[in-house]
Structure formats: structure tokens, C-alpha cells
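Got the model open in your viewer? Here's a short walk through it, one selection at a time, starting at the ligand and working outwards.

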Amino acid sequence: AIVDFFANGAEKPLQGRKMLVTAGPTHEPIDPVRYIANRSSGKQGYAIAAALADLGAEVTLVSGPTRLEAPRGVTRKSVESAKDMLAACEAALPVDGAIFAAAVADWRVETEADQKIKKRDGELPSLSLAENPDILATVSRLKSGRPALVVGFAAETETIIENGKAKLAKKGCDWIVANDVGNESGTFGGDDNQVFLLTNETVEDWPKQSKDAVAQTLATRVAQFFQGVDA
Ligand code: PMT
């Protein structure tokens with residue numbers, strides 16, 4: 001009967017809401033064959049996109065390079081670099097809510113070489129780095145068209161809650177999902193995640209659970225947020 005209920009087109013809690021999700025790493029090119037990257041698999045962000053879509057949201061998933069298939073009912077925009085990810089996010093606006101789970105490279109190589117950099121005996125190339133745009137901070141601080149709910153992640157290897165709170169303030173978002181990405185945690189690439197949900201008022205300690213379960217709980221919280229906004 002419950003299945004019929006949904007199949008008959010009953011309203012899901014995020015029906016009519018547009019959501020933006022980022023996921024995966026970015027690749028910052030050094031030359032045509034090399035890049036700077038990180039260990040993100042995209043699993044956590046993809047699970048969030050799927051969970052939001054399950055609750056009826058219209059989801060745009062801006063994804064760095066991953067091996068994952070786009071979740072059913074989600075529009076995926078594939079990008080490589082942080083600059084491209086920012087442009088794809090801006091193109092997806094306006095949205096009601098945005099969740100930034102991507103592991104965006106903080107730095108890129110200042111000037112990408114046109115040709116493969118040659119290995120020369122006894123000579124080491126030096127890479128000069130430039131700072132990438134901060135997508136989360138850019139969207140959080142939009143003067144007009146800021147999403148009603150902006151959620152960032154904090155990937156930390158120590159003093160997770162403190163560092164997460166500092167990021168909440170610095171980036172100007174509404175919530176931070178802080179997670180341990182130390183070597184022992186297995187968060188990068190693994191199937192499980194242990195997170196804290198931080199708001200300006202509260203700290204919640206969620207148990208270690210699957211990334212799918214983290215995503216479903218977070219999507220439910222997003223739905224509750226919008227129900228409160230409507231009320
Ligand atoms: O992909 P998985 O293997 O499933 O792993 C999941 C995860 C560990 C990548 C994910 O849970 C996570 O923590 N994502 C954020 C990783 C990160 O880059 O954290 P950060 O603390 O460096 O960045 C803080 C926030 O700012 C993040 O929301 C990030 O998306 C955003 N950011 C960072 C830099 C930048 N230039 N632009 C951004 O938008």
C-alpha cells in the first residue's frame with residue numbers, strides 16, 4: 001500500500017525543490033599527461049545526490065572524475081578542475097539547497113604546460129602553485145540568489161569538531177558535515193563514514209555508518225529544514 005501511495009504521485013518531501021551536490025576529487029592539470037589529485041572516490045557525494053532524488057528533489061550532481069555511475073533520476077555534470085567545477089555550479093543556480101561534498105583541490109599549477117614536461121637527467125621541474133577558487137565560500141556569500149540552505153563538508157585529520165566549526169564560520173555556510181579522513185579512518189574511498197553535523201548552535205555526533213545511511217539521514221534533515229521554511 002505504501003508503494004502504491006508513492007506510485008500514485010503523492011508528494012515526496014523534496015518534490016519541487018532544486019538541489020545542487022558536488023562530489024569527487026578535482027584534477028588539476030600539470031601538463032597534457034599529469035595532474036594533481038586526491039583520494040576522493042565520490043561515494044559520499046553520489047549517495048547524497050541519490051538520497052535527495054529519492055525524496056523527490058530535482059538534483060544536479062557536479063562531479064569530478066570518478067568511476068561511479070550517475071544515480072537514477074539525477075542530472076550529472078562531469079568536470080575535471082576546480083575552476084570547471086565552480087563554473088558548472090554557477091550554471092546550475094538558482095537552487096533551493098546546495099551540498100558540497102567534493103574534495104576540491106586547494107591549489108592548481110599556475111601555468112599548465114602545453115607539452116609533456118620532459119624528464120632531464122639531474123634536473124627537477126619546479127611547480128609553481130596558485131590558489132583555486134573556493135566554491136563553497138563563493139556560493140555561501142552570494143549577495144543575490146544564495147541557496148536557502150548551504151551545506152559544506154570538512155575533511156579533517158585532527159581536532160575534527162574545532163576545525164569543522166572554524167570552517168563553518170570561515171566559509172559562511174549553514175551546516176558543516178565534519179568527517180575524519182585520517183589514514184586509519186578509511187573515509188576516502190571506503191563505504192563507511194563517521195561524521196559530526198555542525199550548525200551555528202549545535203554539534204551532533206552521528207554513529208559510524210554506511211555512506212548511504214549518512215546520505216539518507218542528511219537528506220531527511222534537509223527535507224525537515226525545508227518543511228520548517230514552508231511552515
Ligand atoms: O569521495 P569519498 O571517497 O566518498 O570521500 C568522501 C569525502 C571524504 C571526500 C567527503 O566526505 C568530504 O569530506 N568532502 C569534502 C572534502 C574537502 O575537500 O574538504 P575541505 O575541508 O578541504 O573543504 C571544506 C569544504 O569546502 C568542502 O565542502 C569542500 O567541498 C569545499 N571546498 C574546498 C575547497 C575549494 N576550493 N572549494 C570548495 O568548495
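## Start at the ligand

Pick Lys167 and the ligand together: a polar atom in the Lys167 side chain sits 2.5 Å from a ligand oxygen. Keep in mind as you go that this is a predicted model.

Next, add Phe100 and show its backbone. A polar backbone atom of Phe100 is 2.7 Å from an oxygen atom of the ligand. Now do the same for Ile135, where a backbone N or O atom lies 3.1 Å from a ligand nitrogen.

How much of the ligand does the protein bury? On its own the ligand would expose 770 Å², and the protein buries 96% of that.

## Widen to the shell

Now select everything around the ligand. That gives you 28 residues, with Ser40, Ser41, Ala102, Lys167 and Asn179 coming nearest. Colour them by class and you should get 13 nonpolar, 9 polar and 6 charged residues.

Switch to cartoon and look at where these residues come from. Helix H2 (43–54), helix H4 (135–140), strand E9 (149–156) and helix H5 (160–171) each put at least two residues into the shell. Which element supplies the largest share of the shell? That's E9, with 4 residues.

## The pocket itself

Hide the ligand for a moment and turn on your pocket surface. The ligand sits in the largest pocket, which holds about 1200 Å³ of space. Its lining runs to 46 residues; to find the centre, select Ala102, Ala103, Val104, Asp106 and Ala155, which lie nearest to it. Ala102 should look familiar, being among the residues that come nearest the ligand.

For the walls, highlight strand E1 (18–23), H2, strand E8 (129–131), H4, E9 and H5: these are the elements giving two or more residues to the lining. H5 gives the most here, with 5 residues. By class, the lining of this largest pocket splits into 21 nonpolar, 16 polar and 9 charged residues.

## One more stop

Finally, go to the second largest pocket, with about 150 Å³ of space. Select Ile117, Lys118, Lys119, Glu123 and Pro125, the closest to its centre among the 13 residues that line it. Colour this lining by class too: it has 5 nonpolar, 1 polar and 7 charged residues.

Conventions: Residues are numbered from 1 along each chain as its sequence is written. This is a predicted model: local features need pLDDT of at least 70, side-chain atom pairs count only at pLDDT 80 or more; totals for chains, interfaces and linings use all residues. Side-chain values use heavy atoms; hydrogens and water are left out. A residue is near a molecule or strand if one of its heavy atoms lies within 4 Å of it. A polar contact is a pair of N or O atoms within 3.5 Å; within protein, one must be able to donate a hydrogen and the other to accept it, and residues adjacent in sequence count only if both atoms are side-chain atoms. Accessible areas come from the Shrake-Rupley method with a 1.4 Å probe; for residues, only the protein chains shown count as cover. On a 1 Å grid over the protein atoms alone, a cavity is a set of points where a 1.4 Å probe fits but cannot get out, and a pocket is an open set with protein on both sides within 12 Å along at least five of seven lines; lining residues have an atom within 4 Å of a point. A molecule sits in a cavity or pocket if more than half of its atoms lie within 2 Å of its grid points. Ala, Val, Leu, Ile, Met, Phe, Trp, Tyr, Cys and Pro count as nonpolar, Asp, Glu, Lys and Arg as charged, and the others, Gly among them, as polar. Grid points are joined across faces, edges and corners, and a volume is the space filled by probe spheres set on the points.
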